[in-house]
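Colleague: I am new to this structure and would be grateful for a close look at a single part of it. Could you please take me through the part you choose in one connected account?

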Amino acid sequence: MSIADLKIPFGLRTTDGRVVDVSQVERGKACECICPNCKEKLVAKKAVRTHHFAHFGSHCSGALESSVHRAAKQILSEGKRIRLPDVWLEFNSFGFVYYPVTEPFEFARIEVEETHGDIRPDLTCYTAGGRRLFVEIVVTHDVSEEKLAKIEKLGVSTISIHLSPFLENLSLERLKELLIIDEKPKLWLYNDREKQLAERLRKTAQFRAVIWRVSRLGHKIPHVDGCPLRKRQFKSTFFANASLDCRYCKYQVNPKNRVPRKITCLGHLEDELKKQRNQDLVPEIGLLGADQQTLL
Ligand code: SF4
Ligand SMILES: [Zn+2]
C-alpha cells in the first residue's frame with residue numbers, strides 16, 4: 001500500500017486538545033475531532049477491517065504526516081522514555097565495538113519543537129545531568145543533509161525514528177510501543193559521544209611510518225619499526241608487517257582495507273589496557289558500560 005492510500009490514524013479532539021485514535025471516540029461526526037493539519041472537521045470510521053478518520057468536507061494532503069507527528073510528540077513528551085538504538089563505535093581493526101542498549105532511557109524532561117540556533121528538532125530530550133538528545137520523527141520526509149550538518153556543529157546526539165513502514169492501521173498503543181520500547185524504527189543520525197571517543201583515541205595514538213624494504217627474495221615488504229607488541233624481530237630491532245600484522249591488530253585505529261603510509265597505533269597502551277575490565281577493548285568502553293548517561 002502506498003503512503004497516498006493510507007488513512008488518517010489520529011485526530012485532534014476539540015474538547016481537550018489531545019491526539020486520539022478512533023477507539024477512543026464516538027463513531028462518525030460525534031467524534032468531536034479535527035484534522036491536526038488543516039483543522040477541518042473529521043469523522044471517525046469504525047469499519048470491520050480498519051479504524052480511521054476521514055475529513056468531513058474537503059481533504060488535505062498533509063493529514064497523515066501531521067497526525068502521526070502530533071501523536072508521536074504527545075507520547076514522548078508525556079512518557080519521557082525512549083529505547084535508544086544500539087551504539088556502534090568504530091575505531092579499531094576488529095571493525096566495530098558494539099554497545100547494546102536494552103532498557104528505555106529515562107529523561108528528566110522532553111520539550112516539543114524547541115529552537116536551538118536556527119534548527120528546531122521535533123523533540124529535545126534532557127537528561128537529569130543536563131545533556132541533550134534531539135529526536136526527529138520521520139514519516140515521509142527524511143532529515144536533510146543541511147540540518148544534519150547543523151546538528152553536528154551543535155554537537156548534540158540525535159536519533160531519527162522512521163515510522164513509514166508501520167503506518168497501516170496504526171493505533172496509539174502500537175505507536176507508543178514503537179517509540180518507547182522498540183529499537184527497530186530508530187537510527188543514530190549523530191552520536192556526539194562516539195565522536196569524542198574517536199577523537200580522544202586518535203590523540204592518544206602514535207603514528208608509525210610504513211617503510212617499504214626489499215627482502216632477500218626481492219619482495220617489497222611494508223615494515224613498521226618499533227612495534228610495541230614486538231610482532232617480529234630483525235637482530236635487535238622489533239617491527240611489524242603492516243599488511244600481515246597491523247591490518248588485523250586490535251590496537252590499530254581506523255584502518256583502511258589497504259596498507260596506509262602510516263599506522264595509527266595504540267599498541268603502547270597494551271599493558272594499561274590489559275588491566276581494564278574489558279581486556280581487549282580500549283578503556284573508554286568500560287566507561288560506556290558504567291552509565292547510560294555516557295551514551296549521548
Ligand atoms: S598496529 Fe599493532 S602490529 Fe602494528 S605496530 Fe601497532 S601494535 Fe604493532
Ligand atoms: Zn486536513
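**A close look, beginning with Ser157**

Modeller: Ser157 is buried, because 22 other C-beta atoms lie within 10 Å, and the cut-off for a buried residue is 20 or more. Please bear in mind that this is a predicted model. Ser157 belongs to strand β13, which covers residues 157-162. In sequence, Ser157 and Tyr190 are 33 residues apart, yet in space their C-alpha atoms are separated by 5.2 Å.

From there I turn to a sheet. Four strands form an open sheet in the order β16-β17-β19-β18, and their pairing is antiparallel. At its edges stand β16 (211-214) and β18 (232-234), each of which pairs on one side only. From one strand to the next, the twist averages 50°. In general, the strands of a sheet pair through backbone hydrogen bonds, in either a parallel or an antiparallel manner. Here, the edge strand β16 is joined to β17 (residues 220-225) by four bridges in the antiparallel sense. Within this pairing, Trp212 has Pro222 of β17 as its bridge partner.

The last element to consider is the ligand. Around ligand 1 there are 15 residues, and those that come nearest are Cys227, Cys246, Cys249, Cys265 and Gly267. By character, the shell around ligand 1 consists of 10 nonpolar, two polar and three charged residues. Among the nearest residues, Cys227 and Cys246 count as nonpolar, whereas Gly267 counts as polar, since cysteine is placed in the nonpolar class and glycine in the polar one.

How values were computed: Residues are numbered from 1 along each chain as its sequence is written. Chains are lettered from A and ligands numbered from 1 in the order in which they are written. This is a predicted model: local features need pLDDT of at least 70, side-chain atom pairs count only at pLDDT 80 or more; totals for chains, interfaces and linings use all residues. Helices (H or I, at least four residues) and strands (E, at least two) are DSSP runs, numbered from the N terminus. A residue is buried if 20 or more other C-beta atoms lie within 10 Å of its own, exposed if 12 or fewer, and partly exposed in between; C-beta atoms are placed from the backbone. A residue is near a molecule or strand if its C-beta atom, placed from the backbone, lies within 6 Å of it. Two strands pair if DSSP finds at least two bridges between them. Axes are lines fitted to C-alpha atoms, for helices over the stretch in contact, and angles run from 0 to 180 degrees between N-to-C directions.
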